[in-house]
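Me: Got a minute to go through this one with me? I'd like to start with the ligand.

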Amino acid sequence: MRINNKNFRTIWFENNIVKIIDQTKLPHQFAIKELKTVQDTVNAIKNMEVRGAPLIGATAAYGLVLSILEKNDLNYLKKSSEDLISSRPTAINLKWAVDRMIKKISGINDKDIFKKALDEAKLIVEEDVNFCKKIGSNGLKIIENISNKKKDTVNILTHCNAGWLATIDWGTATSPIYHAHKKGIKLHVWVDETRPRNQGANLTSYELNEEGIPNTVITDNAGGILMQRGKVDMCIVGTDRTLSNGDVCNKIGTYLKALAAKDNNIPFYVALPSSTIDWKIKNHKQIPIEERNSEELSYVEGMDEKNNLRKVRIYPLKSKSLNLAFDVTPAKYVSGLITEKGICEASNEGLSKLFK
Ligand code: MRU
């Protein structure tokens, strides 16, 4: 998608270096960062220079390519895999990508292993682009229906950033929005700020602006009143892990939006590529919920009036805080799952029909 009218992807491999857009600097600064070692990729994931479930999966895949370049050694590869998988615990795409890479390269001789690994990482990337594009054309139908009935601007609420910045291109939740916009459907997006890291305000609003899509940033708690007053036609969010029963784990606050949507009869859709489905875990209480540094809550970062980036503390020093990064929306609150294979009910039956 576009930044300053130039097309970018979020990650690419060039001259044996992984290049990323450093998302900790957005929207104030557009900086490309080079990752040269597997540890660089682990750090980029941990520090959220790259984030979003599909993108951290792709970064982990390239991380293993760098690991092979550094030291073509099985023990090192094993350690690299473990470090990558544990760098962020909730998004299943990370383990999915590492397992897929290891499966592809196990038993391959030393001479061919680098090429095999690089080819597979590139395939993971291309597949994600393709799947996100399909999510867009499938989800477009929902927006089109609302637009045809309403004959006015369709107001869509989204949470966090499940945009192209969270994937390689197109995004998941944003892909139907981009497809609808390209088709000329009149849209407006309510962007949840998404405390504490403000992925909505910093990233979703930024990428929608770059694509010329009207959007308004709101506080995380504003969705309820907007829904009650008829200002939201539908919600679309992404997910970090979707269970086979249709329960959806996504950025903290998603669950409360789904409850409010249910109470107001507003469709609540979740968009995902199949790499985000966890077929193993049966009970959402087993999903590891990432707990991040409490300083993400007690400090805020932004530009001051002289355009200098500053970080300031907003809580009393003595106050404790808890920073849970994800929550779970039970399947019963999800109107449907928008996938690369079509739209299905958020249930075992729905997912099985599409994927098994
Ligand atoms: O903590 P983040 O920014 O990695 O969280 C991202 C999300 O919660 C997204 O909604 C999810 O990864 C889906 S991305 C297409």
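Me: What does the backbone of Gly52 do around the ligand?
Reply: Keep in mind that this is a predicted model. In it, a backbone N or O atom of Gly52 lies 2.9 Å from an oxygen atom of the ligand.

Me: And which side chains have polar atoms by the ligand's oxygens?
Reply: Gln199 has a side-chain N or O atom 2.8 Å from a ligand oxygen. Lys251 is another, with a polar side-chain atom 2.7 Å from an oxygen of the ligand.

Me: OK, how much of the ligand does the protein cover?
Reply: 99% of the 420 Å² of accessible area that the ligand has on its own.

Me: Where does the ligand sit, then?
Reply: In the largest cavity. Helix H2 (53-70) and strand S11 (248-251) are the elements that each give two or more residues to the shell around the ligand.

Me: Which residues come nearest?
Reply: There are 18 residues around the ligand, and the nearest are Ala53, Arg88, Gln199, Asn250 and Lys251.

Me: What's the mix in that shell, by nonpolar, polar and charged?
Reply: 7 nonpolar, 7 polar and 4 charged.

Me: Which domains supply the shell?
Reply: Domain 1 (2-127) and domain 2 (136-354) each put in at least three residues.

Me: Switching to the backbone. Which peptide bonds are cis?
Reply: One is the bond from Leu26 to Pro27, with omega near 5°. Another joins Arg195 and Pro196, where omega is about 5°.

Me: Where are those two prolines, Pro27 and Pro196?
Reply: Pro27 is in the loop between strand S4 (17-21) and strand S5 (32-35). Pro196 is in the loop that runs between strand S7 (187-192) and helix H7 (199-210).

Me: And what's the phi of Lys151?
Reply: Near 55°, which is a positive value in a residue other than glycine. Most residues other than glycine have a negative phi, and most peptide bonds are trans.

Me: Where is Lys151 in the fold?
Reply: Lys151 is in the loop between helix H5 (110-150) and strand S6 (154-158).

Note on methods: Residues numbered from 1 in each chain as written. Predicted model: local features only at pLDDT ≥ 70, side-chain atom pairs only at ≥ 80, totals over all residues. Heavy atoms only, no water. Near = heavy atom within 4 Å. Polar contact = N/O pair within 3.5 Å; in protein donor to acceptor, adjacent residues only side chain to side chain. Areas by Shrake-Rupley, 256 points an atom, 1.4 Å probe, with all protein chains shown as cover. 1 Å grid on protein atoms, 1.4 Å probe; cavity = no way out; pocket = protein on both sides within 12 Å on 5 of 7 lines; lining within 4 Å. Sits in = over half its atoms within 2 Å of the grid points. Helix = DSSP H or I, 4+ residues; strand = E, 2+ residues; numbered from the N terminus. Nonpolar A, V, L, I, M, F, W, Y, C, P; charged D, E, K, R; others polar. Domains from an automatic or database assignment.
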